[in-house]
Amino acid sequence: MERIPEPDLMNEAAQALAYAEADFSEPHTYCIDLLKTSLPDLPKSGAALDLGCGTADISIRFARAFPGWTVDGLDGAAAMLAHGHAAVQQAGLSDRIHLIEAYLPHGSAPRDRYDLIFSNSLLHHLADPNILWQSIHRWAKPDAWIFIMDLMRPDSVDQAAQFVQQYAANEPDILQRDFYNSLLAAYRIEEVQSQLQQAQLSHLSLKSVSDRHYVLWGRL
Ligand SMILES: C[S@@+](CC[C@H](N)C(=O)[O-])C[C@H]1O[C@@H](n2cnc3c(N)ncnc32)[C@H](O)[C@@H]1O
């Protein structure tokens, strides 16, 4: 099945609200657990950059799991960031998590370079995937740790519809719609591998971790 792009920014108010109110505890806990096991040598403290941070749920979970670290989150959607700011404040993490509106590849981050760059579910939004890989080159310190998780495109639209039934049947319609569109927009592992080769990042490790997710990890 060919990739069917979806809009990159999640700027619809209803969409951002649905995302902010959703319970992502299972997939996002899994994401942080995979980050921990994939990068066992992460130091106790450092500065992390979360690309496409959205409502900051992953930033918050990371900051709780790694109390010595700070996180700067970048996202181009003001609607998502508004919920993110509220969530960070509610979590009592405003001193360690800072969210910035930046529409990649434009915009800037508070620091020139980071010890760790992570990103969950950004790549499938990007019509030009090189935006993610160039952002990593732009902001990673030499030897920085990298961790990316995203969806894999299924073999057919029928399989995408089946995944929506299997994993999101109880979610609001708008989340089911977004999940379906995201599955159709996702890159396949072999496509990501070829993107990495072109971006001089093919030494990073890449593997599927479920029927619909892959992770990518390593050091720059
Ligand atoms: C599916 S959400 C994931 C949010 C968050 N990482 C999470 O896992 O909960 C994807 C996010 O990427 C953002 N995004 C997409 N394209 C972007 C771009 N070119 N620059 C900045 N943010 C972008 C969207 O606005 C959205 O908030």
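The following dialogue examines the terms applied to this predicted model and the values behind them.

Guide: In this predicted model, local features need pLDDT of at least 70 and side-chain atom pairs count only at pLDDT 80 or more, while totals for chains, interfaces and linings use all residues. Residues are numbered from 1 along each chain as its sequence is written, and side-chain values use heavy atoms, with hydrogens and water left out.

Visitor: Why is the pair Glu 12 and Arg 177 called a salt bridge?

Guide: A salt bridge is a side-chain nitrogen of Lys or Arg within 4 Å of a carboxyl oxygen of Asp or Glu. The closest N and O atoms of Glu 12 and Arg 177 are 3.6 Å apart, so the pair meets the rule. It links distant parts of the chain: Glu 12 lies in the segment before α1 (13–21) and Arg 177 in helix α7 (residues 173–185), 165 residues apart. Helices (H or I, at least four residues) and strands (E, at least two) are DSSP runs, numbered from the N terminus. Glu 12, Arg 177 and Asp 178 are linked in a network of salt bridges.

Visitor: How many salt bridges does the rule give?

Guide: The count comes to nine salt bridges. Among them is Arg 153 with Glu 191, at 2.9 Å from N to O. This pair also links distant parts of the chain, with Arg 153 in the loop between β5 (140–151) and α6 (157–168) and Glu 191 in helix α8 (residues 189–198), 38 residues apart. Another is Arg 188 with Glu 190, whose closest N and O atoms are 3.3 Å apart.

Visitor: What makes Arg 153 count as buried?

Guide: Buried means under 20% relative accessible area, exposed over 50%, and partly exposed in between (1.4 Å probe, protein chains only). Arg 153 has 6% relative accessibility and therefore counts as buried. Its partner Glu 191, at 27%, is partly exposed. Arg 188 has a relative accessible area of 21% and is therefore partly exposed.

Visitor: Which residues of helix α5 are buried, and what do they pack against?

Guide: In α5 (residues 130–139), the buried residues are Ile 131, Leu 132, Trp 133, Ser 135, Ile 136 and Trp 139. They pack, by contact (heavy atoms within 4.5 Å), against β1 (46–51), β2 (69–75), β4 (114–120), β5, α8 and β7 (213–219).

Visitor: What makes the pairing of Gly 52 with the ligand a polar contact?

Guide: A polar contact is a pair of N or O atoms within 3.5 Å; within protein, one must be able to donate a hydrogen and the other to accept it, and residues adjacent in sequence count only if both atoms are side-chain atoms. A backbone N or O atom of Gly 52 lies 2.7 Å from a nitrogen atom of the ligand, so the pair qualifies. A polar side-chain atom of Tyr 19 lies 3.3 Å from a ligand oxygen atom, and a polar backbone atom of Met 10 is 3.1 Å from an oxygen atom of the ligand.

Visitor: What is unusual about the backbone at Pro 105 and Ala 56?

Guide: Most residues other than glycine have a negative phi, and most peptide bonds are trans. The bond joining Leu 104 and Pro 105 is cis, with omega about 10°; Pro 105 is in the loop between β3 (97–101) and β4. Ala 56 has a positive phi, near 75°, and is in the loop between β1 and α3 (57–65). With a relative accessible area of 0%, Ala 56 is buried.
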